[in-house]
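Please go through this protein model with its ligand. The report below takes a helix, a sheet and the ligand shell in turn.

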Amino acid sequence: MNTNTVKISSSNLNLYYGSNHALKDVNLELYTNKITAFIGPSGCGKSTYLKTLNRMNDLVPNVKIEGEVLLDGENIYDQRVDTTLLRKKIGMVFQQPNPFPMSIYDNVAYGPRIHGIKNKSELDDIVEKSLKGAALWEEVSSRLKKSALGLSGGQQQRLCIARALAVEPEVLLMDEPTSALDPISTLKIEDLMDELKEKYTVAIVTHNMQQATRIADHTAFFLVGEIVEYAPTTELFTVPKDKRTEDYITGRFG
Ligand SMILES: Nc1ncnc2c1ncn2[C@@H]1O[C@H](COP(=O)(O)OP(=O)(O)OP(=O)(O)O)[C@@H](O)[C@H]1O
């Protein structure tokens with residue numbers, strides 16, 4: 001690998017859902033201002049891994065997590081960590097756009113309000129900046145008070161990205177963010193991700209290998225809870241070191 005700055009690093013990370021050993025000794029580093037893609041067949045633990053990075057799995061009953069995840073060198077599983085603040089630093093965007101049933105403005109202002117910002121002009125600025133950051137401002141600036149549910153799927157997903165940006169995160173986790181979108185909306189989100197990585201560290205789960213090659217600096221290939229191979233994306237797709245990676249990227253299984 002190269003000399004990038006490490007933003008998040010997980011070491012000997014194991015996760016069990018009851019007796020299902022879903023992540024096995026995962027060691028991985030995510031680099032600042034880079035996009036890292038997680039690929040692999042269904043059920044291999046990609047989403048589970050993504051969710052360990054902002055402790056979303058804590059909410060699952062009977063989950064057991066061992067090992068460490070360091071954010072800027074600090075263990076996020078330390079008992080003293082405030083998970084609300086952690087998730088402010090590490091935002092998440094899901095597969096299905098999930099705007100709240102409220103106005104476009106209120107969706108974006110929701111997080112900042114929870115974190116105590118009440119001043120109207122400050123909120124106005126955050127809403128505008130976040131919507132611009134998510135490349136949605138021009139499409140919605142004249143209808144901020146209208147329901148977010150009236151937006152198209154692609155617009156809703158960019159709204160969810162704006163909502164995540166509004167609390168000024170450092171890392172964005174995206175779980176198949178374009179799988180419910182048409183090709184044009186998908187390309188918009190991919191272009192946007194390229195801009196986002198200038199400010200944030202981005203991790204994305206994708207089933208679409210072309211998407212990984214288009215946008216990701218690094219790619220990790222997961223198989224039954226393990227990382228088989230992790231490398232710069234071009235390297236992983238052109239000269240995979242492991243036979244299982246080669247079989248997967250050439251479509252022999254999965
Ligand atoms: N909340 C949960 N409770 C119990 N088991 C779970 C839970 N979430 C995932 N699992 C199990 O953990 C394993 C990994 O699932 P995960 O969703 O992380 O895989 P994935 O690679 O993201 O799959 P997909 O590509 O289909 O989304 C699977 O065996 C799955 O059934």
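## Helix 6 and its cover

The buried residues of helix 6 are covered by several elements, among them strand 6 (90-93), helix 3 (104-114), helix 4 (120-133), helix 5 (137-140), strand 7 (171-175) and helix 7 (183-196). This is a predicted model. Of the 13 residues in helix 6, 12 are buried, which leaves the helix mostly covered. The buried set includes G154, R158, L159, C160, I161 and R163. Q155, Q156 and Q157 also belong to the buried set, as do A162, A164 and L165.

The length of helix 6 checks out. It runs over residues 153-165, and at 1.5 Å a residue its 13 residues should span 18 Å; the end C-alpha atoms are 18 Å apart, so the two agree.

## The sheet

Four strands make an open, antiparallel sheet, ordered 2-1-4-5. Strand 2 and strand 5 (74-75) are the edge strands; each has a single partner, so one side of each has no neighbour in the sheet. Strand 1 (residues 6-17) pairs with strand 2 in the antiparallel sense, over eight bridges.

One bridge partnership joins Y16 to H21 of strand 2.

## H21

H21 lies in strand 2. Is H21 buried or exposed? It is partly exposed, because 15 other C-beta atoms lie within 10 Å; a residue counts as buried at 20 or more and as exposed at 12 or fewer. Beyond neighbours within four places in sequence, H21 is in contact with Y16 and G225. H21 and F222 are 201 residues apart in sequence, yet 14 Å apart in space, C-alpha to C-alpha.

## The ligand shell

Which residues are around the ligand? They are Y17, N20, A22, G40, S42, G43, C44, G45, K46, S47, T48 and V60. Strand 2 (20-31) and helix 1 (46-52) are the elements that give two or more residues to this shell. Helix 1 supplies the largest share, with three residues.

By class, the shell divides as follows.

| Class of residue | Number in the shell |
|---|---|
| Nonpolar | four residues |
| Polar | seven residues |
| Charged | one residue |

## Confidence

The protein chain averages a pLDDT of 95, and 99% of the residues score at least 70. The model scores ipTM 0.97 and pTM 0.94. Where pLDDT is low, predicted coordinates should not be read in detail.

Key: Residues are numbered from 1 along each chain as its sequence is written. This is a predicted model: local features need pLDDT of at least 70, side-chain atom pairs count only at pLDDT 80 or more; totals for chains, interfaces and linings use all residues. A residue is near a molecule or strand if its C-beta atom, placed from the backbone, lies within 6 Å of it. Ala, Val, Leu, Ile, Met, Phe, Trp, Tyr, Cys and Pro count as nonpolar, Asp, Glu, Lys and Arg as charged, and the others, Gly among them, as polar. Two residues are in contact if their C-beta atoms, placed from the backbone, lie within 7 Å. pLDDT is the predictor's confidence in each residue, from 0 to 100. The expected span of a helix is 1.5 Å times one less than its number of residues. Two strands pair if DSSP finds at least two bridges between them.
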